[in-house]
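Visitor: Could you zoom in on one charged side chain for me and tell me what it pairs with? After that, feel free to wander out to whatever else is worth a look.

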Amino acid sequence: MAHEELLAELDRRRAEARRMGGREKLEKRRNSGDLNAEERLAALVDAGSFVELGLLGASGVFDEDAPKTPRDGKIAGFGQIDGRDVGVVINDFTTKGASTSATNSKKMGYVRKACTEKGMPWVHVGESTGARLPDAMGSRGMGALLGNDVSQFRRMRDTPWAAAALNTSFGSSAWLCCCADFAVMKKGSIMSVSSPRLVSMAIGEKVDLEELGGWRLHAESTGLIDQFVDTDEEAMQAIRRFLSYMPGHNGELPPEAPVPEGSGDDQERILEILPEARTQVYNMKKIVEIIVDRDSFFEFKPRFGKPLIAGLARLGGRTAGIIANNPFVGGGALSAEACRKAIDFTVLCDSFNVPIVRLMDTPGFVVGTDAERRGAPGHIMNFMNATCLTTVPQVTVICRKAYGRAYVAMGGGAHNDTMVAWPTAEVSFMDPVFATNIVHNKSPGDEGFEEALGIIQKDLEIWDMARIFSAHDVIKPQETRDHVIRMLDVHRRRRSGGIGEHLMRSWPTSF
């Protein structure tokens, strides 16, 4: 064939691949308000930055399927987000439900491997039906499709991973959300191991979509998803924003950003939010938003483990991880779910050189039969272990209550680079009301309770801890922002330059 004919043939094949599942299926998506794979790609990466690989890929198992599987149901390649290179795989649900096959697995594995070796974040936008059953059935199918890539689900946190679960997300779309450092889900979607139809056949009863894997389940019960949005466009923006806080790989610091105008102007407002009465609750999230750079707080799992707040933010233009007790929910007592959230976020920060700021106000861990059934002792010990293994710069601020082992898990004692306290801080082994009951067998309302409580309470204040330099300083709440920025700068200048040792790089992303 002449050159002109070969080039024309290439153009024809490219055009065929880009038609995805065909005009009818694309029109159906458009009418439902869902973006197609190429539209999601355009919303995710910088304009004109994407280079696609495997455009001409198709099913390699059944010859008759090749014309029906353009791109084999996945768009794979490299683009840029805010001018930085990323690897991207986006499922095309209009092509055999973006089912997993041998060809598209190779495409995805290639991009992921390149990201790990070259130091780029990896993004997976999932919407899929699971494995392509005709291809996978039988010993030949299993031998060709499963178990051939030892790194397929191996996470060593060399580079950040982000994933989305959109609409129908079964099989690999679920697996990769669970493996990711950040996962976003569109409301109305379902993310689960298998489809409702398969699960119904397996257990012999009809399965409710929401109960199987709806967004509320993952928001409030499993904690497997970090944020929830209403549209495809918002999901892509959430991934872009997450990556703006992250380095490209674990051998560099996160990028810096300009400090928004007005950041730090309202520090006196902290005193308006913080109650004078030690028993009165308040919303710590409001204080966090005052301390960090304006509009920079990016919260993780807001409806899971709600006694604890976790999220990325910026302080003086630099990325920081915020872990804070929230007395507004359960008095800030740490539930098993709150411990899980704290662990997950601590591992993320330490793996990608994000310094941690902890704001402590907790009466301890949630106790009781329900807590024991939820495995509280194991989660508490994992929380302690994660705090002890943290190697990035970390500053602890005791705002009010700091009781018992929760004081240690939240970065008290030697588990920080700097620990300061507000004058409102109270430090002791347990809540003084409980201690009074145990030591003096007196409860509120009993004769002599107030006198006994006064004896127990007398040593709670922070002054004695500051006197022996167990607290490095006592600062005013409105001084917190400037003090934390300065101390993070000091500790970032140690020989590592703020690069952590990554002792938790193989910690599971979901547990």
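Guide: Arg294 is partly exposed, with a relative accessible area of 36%; on this scale buried means under 20%, exposed means over 50%, and partly exposed is whatever falls in between, using a 1.4 Å probe and protein chains only. Keep in mind that this is a predicted model, where local features need pLDDT of at least 70 and side-chain atom pairs count only at pLDDT 80 or more, while totals for chains, interfaces and linings use all residues. Residues are numbered from 1 along each chain as its sequence is written, and side-chain values use heavy atoms, with hydrogens and water left out.

So what does Arg294 pair with? Its side chain meets that of Asp266 in a salt bridge, 3.4 Å from N to O (the cut-off is a side-chain nitrogen of Lys or Arg within 4 Å of a carboxyl oxygen of Asp or Glu). Asp266 sits in the loop between helix H11 (232-244) and helix H12 (269-273), and Arg294 in the loop between helix H13 (284-291) and strand E9 (298-300), so the contact ties together parts that are 28 residues apart in sequence. Helices (H or I, at least four residues) and strands (E, at least two) are DSSP runs, numbered from the N terminus. Asp266 is partly exposed as well, at 33%.

That pair belongs to a bigger tally: searching the whole structure turns up 32 salt bridges. In general, side chains of opposite charge can pair when their charged atoms come close. Take Arg19 and Glu16, whose closest N and O atoms are 3.0 Å apart in their salt bridge. Arg19 is partly exposed at 31% relative accessibility, and Glu16 is partly exposed at 38%. Asp370 and Arg374 make another salt bridge, this one at 2.8 Å from N to O. Both count as partly exposed, Asp370 at 38% relative accessibility and Arg374 at 43%. Elsewhere, shared partners link salt bridges into one network that takes in Arg29, Asp34, Arg40, Glu127, Lys186 and Asp232.

For a residue on the outside, try Val367, which is exposed at 70% relative accessibility. Val367 lies in the loop between strand E12 (356-362) and helix H15 (369-373). The C-alpha atom of Val367 is 8.1 Å from that of Ser335, although the two residues are 32 apart along the chain.

Now for the inside. Strand E5 (residues 161-170) has 9 of its 10 residues buried, which means that the rest of the structure largely encloses it. What does E5 pair with? One partner is strand E4 (residues 122-128), in the parallel sense over 6 bridges; strands count as paired if DSSP finds at least two bridges between them. His124 has Ala163 in E5 as its bridge partner. Ala163 also stands opposite Ala183 in E6. Strand E6 (residues 182-186) runs parallel to E5, joined by 4 bridges. Farther along E5, Thr168 stands opposite Ile190 in E7, and E5 pairs with strand E7 (residues 190-192) over 3 bridges, again in the parallel sense.

Last stop: the voids. The structure holds 3 cavities of 30 Å³ or more. Here a cavity is a set of points on a 1 Å grid over the protein atoms alone where a 1.4 Å probe fits but cannot get out, and lining residues have an atom within 4 Å of a point. The largest cavity has about 130 Å³ of space, a volume being the space filled by probe spheres set on the points, which are joined across faces, edges and corners. Its lining takes 15 residues, and the closest to the centre are Gly223, Lys301, Asp344, Thr509 and Ser510. Helix H7 (172-179) and helix H14 (336-351) each supply at least two residues of that lining. The second largest cavity comes in at about 70 Å³. H14 turns up here too, giving the most to the lining with 4 residues. Among the residues lining this second cavity are Arg157, Asp181, Asp226, Phe300 and Lys341, along with Lys301, Asp344 and Thr509.

Technical notes. On a 1 Å grid over the protein atoms alone, a cavity is a set of points where a 1.4 Å probe fits but cannot get out, and a pocket is an open set with protein on both sides within 12 Å along at least five of seven lines; lining residues have an atom within 4 Å of a point.
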